[in-house]
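Q: Could you take me through the place where the ligand is held, one step at a time? I would like a close look at that part alone.

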Amino acid sequence: MKIAIMGAMPEEVAPILEKIGTYKTTEYAGNKYYEATYKGTELVVAYSKIGKVFSTLTATTMIEHFSCDVLLFSGVAGGINPELKIGDLIVATKLSQHDLDITAFGHPMGYVPEGSVFVETDKDLLKLSKEVASELGKKVIEGVIATGDQFVHDSSMKENIVKHFNADALEMEGGSVAVVCNALNVPFFILRAISDTADTDASFSFDEFMESSAIISAEFIMKMVDKVISK
Ligand code: 4EH
């Protein structure tokens, strides 16, 4: 088994690299991939850069070039569900692309022919995350994550995303990673800790909390790695 651990920004993978200690760095397709053996299992860690296109490239590379057979994503998100406060964790049960719009042809938001509005997360990994949450005594919300190529900092845009997708959180990479993993039959798991609530002060909140929230997410993801290894 080879486990891919992905983030979008350097700050999202730094705490993971810190935990795994030594690794080999390989450059591929304009990104760095960090390979390590951790507790006897091979890991590949990378940050993709921001957005759906770069995250698609990285997820595909980790699976097709580095032969990973399970993918875990760790990072931060904007919260929508009012229960989600800064630093709280959300696990995606399903993900959508909130900026995919061919509604002009009568299709629902997020849908293209031969695709689907939502891609569902692997059930076994969701089960493992429940075990991790209870062992850590951590509250983790399960919900819908909406992905798009925008940093959302506007309440009306947030409301629109709720209207179409009933989303609990939003970010810029999970939905595309989900499409890749689903198409290539690789089980995936998307975890995010809240850095802001995607309204007018989102960029300030993000700057203040992204690093601490990225650490919270990374700590949980490493416990997920332990679980996946021990199964
Ligand atoms: O990778 C991008 C980062 C913001 S853009 C998506 N990540 C963080 C999640 C996220 C998010 N996405 C959309 C957290 N809050 C979000 C929000 N809307 N409100 C970025 C940030 N800093 C520097 C450069 N780009």
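A: Happy to! One cut-off helps before we start: a polar contact here is a pair of N or O atoms within 3.5 Å. Please keep in mind that this is a predicted model.

With that in hand, take G78: one of its backbone N or O atoms lies 3.3 Å from a nitrogen atom of the ligand, so this pair falls within the 3.5 Å cut-off for a polar contact. Two side chains join in. In E173, a side-chain N or O atom is 2.7 Å from an oxygen atom of the ligand. In D196, a side-chain N or O atom is likewise 2.7 Å from a ligand atom, this time a nitrogen. As for how well the ligand is covered, it exposes 530 Å² when taken alone, and the protein buries 82% of that area.

Now step back to the surroundings. The ligand sits in the largest pocket. Three elements each give two or more residues to the shell around the ligand: strand 5 (70-79), strand 9 (169-171) and strand 10 (188-196).

The shell holds 18 residues, and those that come nearest to the ligand are I50, V76, V152, E173 and D196. E173 and D196 are thus familiar from the polar contacts above. By character, the shell residues divide into eleven nonpolar, three polar and four charged.

To picture the site, then, start from the backbone of G78, add the side chains of E173 and D196, and place the ligand between them and the rest of the shell in the largest pocket.

Methods: Residues numbered from 1 in each chain as written. Predicted model: local features only at pLDDT ≥ 70, side-chain atom pairs only at ≥ 80, totals over all residues. Heavy atoms only, no water. Near = heavy atom within 4 Å. Polar contact = N/O pair within 3.5 Å; in protein donor to acceptor, adjacent residues only side chain to side chain. Areas by Shrake-Rupley, 256 points an atom, 1.4 Å probe, with all protein chains shown as cover. 1 Å grid on protein atoms, 1.4 Å probe; cavity = no way out; pocket = protein on both sides within 12 Å on 5 of 7 lines; lining within 4 Å. Sits in = over half its atoms within 2 Å of the grid points. Helix = DSSP H or I, 4+ residues; strand = E, 2+ residues; numbered from the N terminus. Nonpolar A, V, L, I, M, F, W, Y, C, P; charged D, E, K, R; others polar.
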